[in-house]
Amino acid sequence: MSKVIFHRDGGAADVVDVDAGSNVMRAAVQNGVAGIVGECGGQAMCATCHVYVREPFLDALPAMSEDEEEMLECTAAPRDERRSRLGCQLTLGADGLEEVEVDVPASQI
């Protein structure tokens with residue numbers, strides 16, 4: 001099992017255990033994490049799963065694709081050039097991240 005910790009405004013956090021092969025967006029949607037919409041279902045065609053990855057986990061992230069880069073230009077909340085990622089592009093377990101902590105933006109749409 002892998003773990004995602006979603007930090008929200010006000011200090012609340014959701015800790016979600018997920019199976020290998022899932023991604024941050026699916027972990028949020030399947031577990032009712034407030035603030036992650038995942039409108040396109042994980043196809044990197046919207047920016048409603050935008051998250052800010054916390055500093056200690058940045059070096060473990062996969063390279064960003066051109067599609068993800070383009071979608072991050074359309075986020076509702078301000079983009080952080082270093083920390084902003086689409087949750088649907090961050091795979092957990094197996095060859096992905098074993099654990100990651102993210103901050104959920106105040107708005108997605």
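## A buried pair: E68 and R85

E68 has a relative accessibility of 1% and therefore counts as buried, the cut-off for this class being under 20%. This value, like the others in this report, comes from a predicted model. The side chain of E68 forms a salt bridge with that of R85, with N and O 2.7 Å apart. Because R85 belongs to strand β4 (residues 84-86) and E68 to helix α2 (residues 66-71), the pair ties together parts that are 17 residues apart in sequence. R85 is also buried, at 4% relative accessible area.

## Other salt bridges

The whole structure contains nine salt bridges. One of them links D14 and R8, whose closest N and O atoms are 2.9 Å apart. Both residues are partly exposed: D14 has a relative accessible area of 22%, and R8 has a relative accessibility of 29%.

A further salt bridge joins the side chains of E81 and R79, at 3.9 Å from N to O. Here E81 is exposed, with 60% relative accessible area, whereas R79 counts as buried at 19%. In addition, R54, R83, E101 and D103 form one network through salt bridges that share partners.

## The surroundings of D103

D103, a member of this network, is located in strand β5, which covers residues 99-103. Its relative accessibility is 18%, so D103 counts as buried.

The side chain of D103 makes a polar contact of 2.8 Å with the side chain of R54. When neighbours within four places in sequence are left aside, the residues in contact with D103 are H7, V51, Y52, R54 and R83.

Key: Residues are numbered from 1 along each chain as its sequence is written. This is a predicted model: local features need pLDDT of at least 70, side-chain atom pairs count only at pLDDT 80 or more; totals for chains, interfaces and linings use all residues. Side-chain values use heavy atoms; hydrogens and water are left out. Helices (H or I, at least four residues) and strands (E, at least two) are DSSP runs, numbered from the N terminus. Buried means under 20% relative accessible area, exposed over 50%, partly exposed in between (1.4 Å probe, protein chains only). A polar contact is a pair of N or O atoms within 3.5 Å; within protein, one must be able to donate a hydrogen and the other to accept it, and residues adjacent in sequence count only if both atoms are side-chain atoms. Contact means heavy atoms within 4.5 Å. A salt bridge is a side-chain nitrogen of Lys or Arg within 4 Å of a carboxyl oxygen of Asp or Glu.
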